[in-house]
Amino acid sequence: MYRKAEKTDCGQIYQLICKLEGQTLPPEVFRAIFEKQLESEAFFCLVCELEGRVAGVLNLRFEEQLHHCGLVAEIMEFVVAPGFRGRGIGRELFRFAGETAKERGCIQIEAACNQKRTEAHRFYMGVGMEKGHFKFSKVL
């Protein structure tokens, strides 16, 4: 079942994102940000629930961008639990995200992805995305 995330999903989403990032994030800070995003029109967190568990999550941010002269959806977090991979969950989450972005009036959907995640790169290319940008960051 694909649906909008709820506050009660926070713990399972937290575990998935910590695994994705390879680190334990501060749970109280994560929860505060998660709950704030759930209330914001600028975010949409989509989950796939199977067997009573959050099997996958895709978190979108919507932002008007000057250089696009329009509203753009950006995939902020996207992960399918290891035990649920290979079932098409990622493709369905991506499809639902694209539909949601279109309904909101977005002209484009984007994703930044760690260079080490080569399987994710193949996935994005496989769903029709193009590799057209570099993203730079610096820890402050």
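## Two hairpins

Strands β2 and β3 make a hairpin with 2 residues between them, and E51 in the turn has a positive phi of about 55 degrees. The two strands run antiparallel and are joined by 8 bridges. One of the facing pairs puts F44 opposite L60 in β3. Bear in mind that this is a predicted model.

Next comes the hairpin of β3 and β4, which has 4 residues between the strands. Here C69 takes the positive phi, near 50 degrees. β3 and β4 also run antiparallel, with 10 bridges joining them, and L58 has F78 in β4 as its bridge partner.

## The sheet as a whole

Zooming out, 5 strands form an open sheet with mixed pairing, in the order β1-β2-β3-β4-β5. The edges are β1 (2-4) and β5 (108-111), each of which pairs on one side only. From one strand to the next, the twist averages 30 degrees.

At the β1 edge, β1 pairs with strand β2 (residues 43-50) in the antiparallel sense, over 3 bridges. That's where Y2 finds its bridge partner in β2, namely C48.

## Helix α1 and L20

Helix α1 (residues 10-21) lies across β2, β3 (53-65) and β4 (70-80), and runs at about 80 degrees to β3. L20 lies in this helix. With 22% relative accessibility, L20 counts as partly exposed, because buried would need a value under 20%.

What does L20 touch? Leaving aside neighbours within four places in sequence, L20 is in contact with F78, V79 and R117. F78 is the residue already met as the bridge partner of L58. As for V80, its C-alpha atom is 9.2 Å from that of L20, although the two residues are 60 apart along the chain.

## The nonpolar core

The largest nonpolar core has 36 residues, and I13, F34 and L93 touch the most other members. The elements giving two or more residues to this core are α1, α2, β2, β3, β4 and α3 (89-103).

F34 has a varied set of partners: outside the four places on either side in sequence, its contacts are A5, E6, K7, C10, I13 and C45. Over in helix α3 sits T100, which is buried because its relative accessible area of 14% is under the 20% limit. Beyond its neighbours within four places in sequence, T100 is in contact with F44 and F62; F44 is the residue that stands opposite L60 in β3.

## Cysteines

How many disulfides are there? The count comes to 0. For C10, the nearest cysteine sulfur belongs to C45 and is 9.4 Å away. Both C10 and C45 are among the contacts of F34. At 2% relative accessibility, C10 counts as buried.

Why is C69 without a disulfide? The closest cysteine sulfur, in C106, is 15 Å from the sulfur of C69, which is too far for a bond. C69 counts as exposed, with 74% relative accessibility, and is the residue with the positive phi in the hairpin of β3 and β4.

## How far to trust it

Mean pLDDT for the protein is 94, and 100% of its residues reach 70 or more. Among the elements, helix α2 (residues 27-39) has the highest mean, at 98, while helix α4 (residues 118-126) has the lowest, at 87. As a general caution, predicted coordinates should not be read in detail where pLDDT is low.

How values were computed
Residues numbered from 1 in each chain as written. Predicted model: local features only at pLDDT ≥ 70, side-chain atom pairs only at ≥ 80, totals over all residues. Heavy atoms only, no water. pLDDT = per-residue confidence, 0-100. Pairing = 2+ DSSP bridges. Axes fitted to C-alpha atoms, helices over the stretch in contact; angles between N-to-C directions. Contact = heavy atoms within 4.5 Å. Buried < 20%, exposed > 50% of the residue type's maximum accessible area, 1.4 Å probe, protein only. Core = buried A, V, L, I, M, F, W, Y, C linked by side-chain atoms within 4.5 Å. Disulfide = S-S within 2.5 Å.
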